[in-house]
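Q: Could you take a close look at one part of this protein for me? I'd like to see how a single spot fits in with what's around it.

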Amino acid sequence: MNLDAIDRTLLNELRENARCPMALLARKVGLSRTAVQARIARLERDKVITGYGARTGEAYEQSLVAAHVMLTVGPKLSGPVEAALRKIPEVRSLLSISGTFDMIAIVQAGSIEGLDALIDRIGLLDGVERTHTSVVLSRRFER
């Protein structure tokens, strides 16, 4: 992908606020509204931008218990495990990693009890051989 500095700035601004008015985006990057609209349309057409979504507020996020669940998965079972994890809404992200574990599931639950039940549910999935969980104590920053 050949993104220039203006494209990257637009992406960063839209990550911060997907509802940012075109006129404000145009002022931030020093282009006309029409030029910014054309760039965003191109980014969407090229699948650099694939959608827009809601971001939850800091107070709500702080009310949740977050954890990283490292998973060891049986040979050739990563596909079915991924499919099963996709169906669990509390699993916010799934990363394939190198090292001792095969995957990290980033999870959020409404309480410690909910997190405990979620970890048990993940551990019981066919193909999951072992889990190791680290509870997130605080979030220093996020982009």
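A: Sure, let's zoom in on Gln 108, which sits in strand β3, the stretch covering residues 103-109. Keep in mind that this is a predicted model. Is Gln 108 buried or exposed? Its relative accessible area is 9%, and since buried means under 20%, Gln 108 counts as buried.

So what does Gln 108 touch, leaving aside residues up to four places away in sequence? The list is Glu 61, Leu 64, Val 65, Ala 66, Glu 90, Arg 92, Leu 118 and Arg 139. Arg 92 deserves a second glance: its side chain makes a polar contact with the side chain of Gln 108, at 3.0 Å.

For another kind of packing, hop over to two helices. Helix α1 (residues 5-16) and helix α3 (residues 33-45) have axes that come within 11 Å and cross at roughly 80°. That angle makes α1 roughly perpendicular to α3. On the α1 side, the residues that meet α3 are Ile 6, Asp 7, Leu 10, Leu 11 and Leu 14. Their partners in α3 are Val 36, Arg 39, Ile 40, Arg 42 and Leu 43. Sort that contact by class and you get 7 nonpolar, 3 charged and no polar residues.

While you're on α3, check out Ala 35, which lies in that helix. Ala 35 is partly exposed, with a relative accessible area of 27%. Now look from there to Gly 74: the two are 39 residues apart in sequence, and their C-alpha atoms are 50 Å apart in space.

Note on methods
Residues numbered from 1 in each chain as written. Predicted model: local features only at pLDDT ≥ 70, side-chain atom pairs only at ≥ 80, totals over all residues. Heavy atoms only, no water. Axes fitted to C-alpha atoms, helices over the stretch in contact; angles between N-to-C directions. Helix = DSSP H or I, 4+ residues; strand = E, 2+ residues; numbered from the N terminus. Parallel < 35°, antiparallel > 145°, perpendicular 65-115°, else oblique. Contact = heavy atoms within 4.5 Å. Nonpolar A, V, L, I, M, F, W, Y, C, P; charged D, E, K, R; others polar. Buried < 20%, exposed > 50% of the residue type's maximum accessible area, 1.4 Å probe, protein only. Polar contact = N/O pair within 3.5 Å; in protein donor to acceptor, adjacent residues only side chain to side chain.
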